Amino acid sequence: MLVEYVFIHYFRSYNKQIVINMKRHYKSILLASTFALSALLLSQGIWIRNSMVQRDYNRDADFQNCFNHSITNLINELMGKSEDNSPFKIEPLDSVPGNPELENAPNVIHMGKPTASENASRLIEAALILLHIEQGDFRLTRLDSMINICSVGRIDKVISSNLMLFNSDNRMLDSVRYESPYAKYQLSKLYSAERSVTSLDKSYIIRAEYRIAESNDLQNMGVATMVSLLASIAIILVLFYLLYILKRRHSQMQYMERSFHGAIHDLKSPLAYVYFSISALEEEELDMRKREALLLTADKVSFLTGKINRILQSGRNFKEIWKERKTKFFLFDIVEQVEAEIQAMFPEKEIHFQNDFDAELSIMAPPDLLEAVLRILFENAVKYNSTQPVVTTRSRREGDTIIIEIEDNGYGIRNDKLRKLFRPYYTTDNKNGTGIGLYYAKSIINAHSGKISVKSVVEKGSTFIITLPNV
Amino acid sequence: MYKLMNMKKYKIKVLLVDDDVLLGNAITRELDERGYEITFLNSVYGVDEAIHRLSPDVLVLDVEIGKENGIALAYDLYAGNPSLPILFISSHHEEKLKEESLLFAGAVAYLDKPFSVNLLSAHIDRFAHKRIGISPANNKLLQKVGNGLLDLKNRALLTESGNIKELRPMEFNILKKLVAHFADFVSREDILYAAWEGQSDYYNDQSLNNYIRRLRILLEENTNLEIHTSRGMGYKLNERSN
C-alpha cells in the first residue's frame, strides 16, 4: 500500500512536472538560440556589406589611379618613347573621388587641393595631351592596352571596355571598344573615369568605361553567409519541431492523466452501489453480529473509496492536503490498523507491538497522511530487525504539539549515515530499499511545519521522533 | 395531532436524477420500501417537466450526470423553482466543487458517495419536513439532544449548524440510552445491553470502548454535550461546562 501511494505520487506528479519544466526550459532555450543565431547572421551580414562598400570604393580609386597613370605614361612614352630618356617626366596625378560613406577609410589617400607645382605640372600635362591629340598620335588603343595592363594587374579581368575621346561639342572623335565573349557569365562592375583637357580655344574629354569582373572572395563569403543562414533556419526549424513534439508529448501525458483519472473514477460507481446496498441490508438485519459484520464490510468499501480519492488527488502537494483533510481522530485507531497491516506483511516475523500511550489521545491531521508516515516507520522498524522485532510507540501532547516516538530493537543506523537518512533515494539497503520512504515521511511531516528526527545505536535499535503542531 | 396524522399519511415525494442506473435503482427500491414516493430519471432530459408534473418535495441530483454539469443544471432548476430543496450527490470530493454548488446553485446540501440509505433518507426527511412545514418540535421522530436533534427514524444526529451525522446502530443505541437518562449515570452493563439490543452473546468490551470514543468525538465536534466516565458508575451524558 505504501508502494502504491509513493509510486503514484512520485510517478504521476513527477513526470508531469518534468514535462512541464522541460517545455518551459525548452522554450527559453529555443528563443535564446534563435536570437543568438540571428544576431550572428546579422553581424556577419553587416560586416560583409561594409567590406563590400569599402572594396568598391578602393577599386574605384584604383581604377581612377590606373586611368590617370596610363594617360601620364602615354604622354611620357610619346615624348621619349621610354621613361628613361625622356626630357622630363610627368608624375601622375592621383585623383580620388570622395566617398561620404567612408570618411576615415584607411586605404584612401586624399590629395587635397593640388599645390602650385602640382598645378603647374597638371597644366603642362594637359597641354601635352592637347598637343598630342592635335597631332593625332594620342592613340586610344595604346591607352586602352595601358589601362588594361594596369587594371588587370591591380584589379581583375576586363570584361568590356569603352574608351572615348570627345571634343568640346560633345562629339565623339575616336573610340576603342572591346567586349569579352564571356561577359554574360561574370559578375562584374562598371568603372568609369574621365579627364578633360582645356586650352584657350579647345577642349577634349577622354572618358573610360570599363566593366571589370568582380573577385570571388567576398561573394564566397556571402555564399557562406547564405549557407549559414540556411543552416540556422534548419536548426531553428528542428528546434521548433522538437518543441512541437514536446508539446504533443505533454498533451499525450495530459490525455493519459485524464483517462487514468476516468478509469480510477469509474471504480467509484460500483463501490457506491455496494456501500448503499450493504447499508440497506444492515438496516434489515436483526442479528447484531451480522450487523457488525456488514458494518465492517461497509467500512472496507468506504476505505477503498477513500483510497481511490487519494489516488485521484495524489498529484497535489501535501500542504493542500493538510489544509483540506485535517480532522480529529484517535492515534490509537490508526496505529492499531497499521500494526495489523505490518504484521500481515511480515508473516515470518513475530512482531511485538507496544503501544505506550493514552488510547484517548486525539490528533488533528489528515488520517491517511499520518497513516502513511506510521506505515513507513513501522515497516522500517520491522524490516531492519531480527525475527522477533519489538516496536514501541509512545505519544504525548505537549501544549500545542504532539510527539510520537517509534522505537525498535533493530540493527540500528551508523552515525555517518544518520544525516543522509532523510535524503531522497538514499538507502543503506540497495536490495529492498528505494530510498523514498523516509524522504516521503519527512515531506509529509514538514508540510505541516512538523519535524522528524532519529536517534540510533548500532546493534541496539533506532528511535524516530515526530514533533507535530496539533492545530 | 392532526399534523402528525397528516405526516404519517403524507408520502414525501422525491425526484432522483443520476446516470448511475444500478445505484439509482437501488435507491429507488429502498426509498420506496421506506414509504417515499420516488421517481428516478437517469438523464437530465425531462427534469424540468418532471418537476412540474410531480412537484417533488426534494430533488436529489447527481453533480456529474454524463457529460452535463449538474451544478449548471441545478442553477437553472433553482431559478425556476426557488422553493425546491436540492440535494447534491456526488463522488467528487473536491472542496471547490462543493462550495460552488452550495453558493451558486442554491443547493441545500451535498452528500458524498458512497452514502447509506439512512443518511440519504435523513437528508431527504429534514428538507422535506422543512418544506412541508413540520417543525422539529412537532416531529415525534426527532428527539432533542443538547443543541442537536436525534433522528430516531434514520439513526442520525442533526447538528445545530445543519449537518447530518450518521450513527452506527450500536452508537445510536448507546446514545439513545444515554439521552433517555440524561445527566444520570448509566451502568456499563445497561449500556452493553442497549448497544447489542440484549443479545448478550455478542457483548464486546473493546468494541464498546471504541463506540464510546467515537461518540465522544462526534458529540464534541457537533454538539454542546459530553460523555462522562466514572469508574464503577458507568457513563453519563451531560452538557459541556466550558
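**Notebook: chains A and B, predicted model**

I began with B:Ala183, which lies in the loop between H7 and strand E12 (185-186) of chain B. I note at once that the model is a predicted one.

**Entry 1. Backbone exceptions in chain B**

I looked up the backbone angles of B:Ala183 and found phi near 70°, a positive value in a residue other than glycine. I recorded this because most residues other than glycine have a negative phi. B:Ala183 is partly exposed, since its relative accessibility is 41%.

I then turned to B:Arg155, which also is not a glycine and has a positive phi of about 55°. I located B:Arg155 in the loop between strand E9 (148-151) and strand E10 (156-158) of chain B. Its relative accessible area is 6%, so B:Arg155 counts as buried.

Next I checked the peptide bonds. The bond from B:Lys113 to B:Pro114 is cis, with omega near 0°. I noted it because most peptide bonds are trans. I placed B:Pro114 in the loop between strand E7 (109-112) and H6 of chain B.

**Entry 2. The surroundings of B:Asp18**

Is B:Asp18 buried or exposed? I found a relative accessible area of 0%, so B:Asp18 is buried. It sits in the loop between strand E1 (13-17) and H2 of chain B.

I then listed what touches B:Asp18, leaving aside neighbours within four places in sequence: B:Leu23, B:Phe40, B:Leu41, B:Asn42, B:Asp62, B:Ile89 and B:Lys113. With B:Lys113, the side chain of B:Asp18 makes a polar contact of 3.2 Å. I had already met B:Lys113 at the cis peptide bond to B:Pro114.

**Entry 3. Extent of the interface**

I took the area next, as the size of an interface is often given as the accessible area lost when the parts come together. Chain B and chain A bury about 3100 Å² between them, and carbon and sulfur atoms carry 56% of that area. Which three residues supply more than any other three of the area that chain B buries against chain A? I found B:Pro114, B:Tyr202 and B:Arg213, with 21% of it. B:Pro114 is thus on my list twice, here and at the cis peptide bond.

I counted the residues in contact as 41 from chain B and 32 from chain A.

**Entry 4. Polar pairs and the side of chain B**

I found 8 salt bridges across the interface of chain B and chain A. The residue pairs in polar contact between chain B and chain A number 13, with both residues at pLDDT 80 or more. I then asked which elements give two or more residues to the side of chain B that touches chain A, and found helix H2 (21-33), helix H6 (117-132), helix H7 (169-180) and helix H9 (205-222) of chain B. H9(B) gives the most, with 9 residues. By residue class, this side of chain B divides into 15 nonpolar, 9 polar and 17 charged.

**Entry 5. Individual salt bridges**

Over all chains I obtained 28 salt bridges. Among them is the pair B:Arg168 and A:Asp299, whose closest N and O atoms are 3.2 Å apart. This pair crosses between chains: B:Arg168 is in the loop between strand E11 (164-166) and H7 of chain B, and A:Asp299 is in helix H6 (residues 288-312) of chain A. A:Asp299 is partly exposed, because its relative accessible area is 31%.

Within chain A, I looked up A:Glu341 and A:Arg375, which form a salt bridge at 2.8 Å between the closest N and O atoms. The pair links distant parts of the chain, helix H8 (residues 331-345) and helix H9 (residues 367-383) of chain A, with the two residues 34 positions apart. I found both A:Glu341 and A:Arg375 buried.

Helix H9 of chain A also holds the pair A:Lys383 and A:Glu379, a salt bridge with closest N and O atoms 3.7 Å apart. The two are 4 residues apart in that helix, so about one helical turn separates them. A:Lys383 is partly exposed, with a relative accessible area of 22%, whereas A:Glu379 counts as buried at 11%.

I then traced salt bridges that share partners, and found one network joining A:Glu282, A:Glu283, A:Arg291, B:Arg34, B:Arg155 and B:Glu197. In the salt bridge of A:Glu283 with B:Arg34, the closest N and O atoms are 3.8 Å apart. B:Arg155, with its positive phi, belongs to this network as well.

**Entry 6. Chain A as a whole**

I closed with the totals for chain A, which has 11 helices and 11 strands. Of its 471 residues, 44% are buried. Chain A exposes about 26000 Å², with 57% of it from carbon and sulfur atoms. Among contacts with a separation of 6 or more in chain A, residues 24 or more positions apart account for 72%.

Notes:
Residues numbered from 1 in each chain as written. Chains lettered and ligands numbered in written order. Heavy atoms only, no water. Contact = heavy atoms within 4.5 Å. Buried area = accessible area lost by both parts, 1.4 Å probe. Salt bridge = Lys/Arg side-chain N within 4 Å of Asp/Glu carboxyl O. Polar contact = N/O pair within 3.5 Å; in protein donor to acceptor, adjacent residues only side chain to side chain. Nonpolar A, V, L, I, M, F, W, Y, C, P; charged D, E, K, R; others polar. Buried < 20%, exposed > 50% of the residue type's maximum accessible area, 1.4 Å probe, protein only. Areas by Shrake-Rupley, 256 points an atom, 1.4 Å probe, with all protein chains shown as cover.
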